[in-house]
Structures are given as structure tokens and as C-alpha cells.
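I open a fresh page for this chain. My plan is to look up charges and overall build, then one strand pair.

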Amino acid sequence: MSTNVILTTGIYDLIKDHIRRRKVTLEQEQILTEELRTAEQVLRKDLPTDVVTVDRKVKVKEITSNEEIEILLVGPKQAKLKNNKHSVLGDVGLATVGHKVGEIIKWPTNQGVKEYEIVSVEAIS
């Protein structure tokens with residue numbers, strides 16, 4: 001990890017509960033637990049605009065395949081993949097939430113470890 005993640009208290013609690021419910025792999029749990037331990041918690045209005053969080057359009061590049069994807073991160077109940085609304089508790093969401101534009105994150109998935117670079121973050125109205 002290059003820097004501490006920056007999270008709103010609501011997202012912090014959501015991820016903590018997700019871990020507690022054993023919804024992640026052991027590797028993912030270790031990464032997330034360490035991120036939460038050192039996370040900077042802020043109010044939603046104080047969250048920097050270049051940080052990945054819910055209700056933001058995020059462009060991510062998967063380094064190995066050089067594939068770029070653009071998704072809208074939302075809360076778990078609002079997720080609708082057919083509308084490109086991805087849950088913050090999905091693989092890409094958990095890997096990138098709290099990180100800033102330009103950061104590269106290594107994230108264990110069912111298909112092996114993926115490296116994601118955060119290309120852009122845009123608030124939606």
C-alpha cells in the first residue's frame with residue numbers, strides 16, 4: 001500500500017461488516033483489515049474528489065490485460081450490473097474504494113491476483 005485509504009464512516013462500517021460476515025477470501029480479509037486499521041475516516045463532504053467511493057464513476061485499468069473498464073460504484077442494494085452499477089462490495093469496488101487516482105492496487109480474485117490502476121474518478125450528480 002502506498003498510502004492510507006480514505007473512507008467515509010458509512011463505507012468503513014459496511015466493509016467491516018462484510019468482513020465479519022465472511023464474504024471475502026482470507027487474502028482479501030487480510031488486505032482489507034490492514035486498510036481499515038490505518039484508514040482515514042472523513043465526512044462525505046470532506047472526501048477528496050479523486051478518491052474512489054460510492055456514487056462516483058470510476059475508470060480502472062487492469063494492468064495485465066491492459067483493459068480499461070468504467071463503472072459506477074454504488075451501495076450493494078443499488079447494484080445492477082446491466083446498468084453498469086457495481087457494488088462497492090464487489091471485487092473491483094473492494095479493491096479500489098478509498099484509493100486515489102493514479103494508485104495501483106494488487107487484488108486477489110478467483111482468477112488470480114489482478115493489478116488495477118485507478119485512471120479517473122468522477123462524481124455523479
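**Charges.** I looked up where the charges sit in this predicted model. The chain carries 19 positive and 19 negative charges. I compared their mean positions and found them 7 Å apart.

**Surface.** Next I checked the exposed area. The chain exposes about 7300 Å². Carbon and sulfur atoms supply 48% of that area. I then asked how much of the chain is buried: 40% of the 125 residues count as such.

**Overall build.** I took the box along the principal axes. The C-alpha atoms fill roughly 35 × 30 × 30 Å. Does the radius of gyration agree with a compact globule, or disagree? It agrees, because a compact globule of 125 residues would have a radius near 14 Å and the chain has 13 Å.

**Contacts.** I looked at contacts with a separation of 6 or more. Residues 24 or more positions apart account for 50% of them.

**Elements.** I went through the secondary structure next. The chain has three helices and seven strands. I read the order from the N terminus as β-α-α-β-β-β-β-α-β-β.

**One strand pair.** I picked β6 and β7 for a closer look. Strand β6 covers residues 104–109, and strand β7 covers residues 112–123. How do the two strands run, parallel or antiparallel? They run antiparallel, and six bridges join them. The link between β6 and β7 is a hairpin through two residues. I also looked up the bridge partner of Trp107 in β7, and it is Lys114.

Note on methods. Residues numbered from 1 in each chain as written. Predicted model: local features only at pLDDT ≥ 70, side-chain atom pairs only at ≥ 80, totals over all residues. Heavy atoms only, no water. Pairing = 2+ DSSP bridges. Helix = DSSP H or I, 4+ residues; strand = E, 2+ residues; numbered from the N terminus. Rg over C-alpha atoms; globule rule 2.2 N^0.38 Å. Buried < 20%, exposed > 50% of the residue type's maximum accessible area, 1.4 Å probe, protein only. Contact = heavy atoms within 4.5 Å. Areas by Shrake-Rupley, 256 points an atom, 1.4 Å probe, with all protein chains shown as cover. Lys, Arg positive; Asp, Glu negative; His and termini not counted. Charge placed at Lys NZ, Arg CZ, Asp CG, Glu CD.
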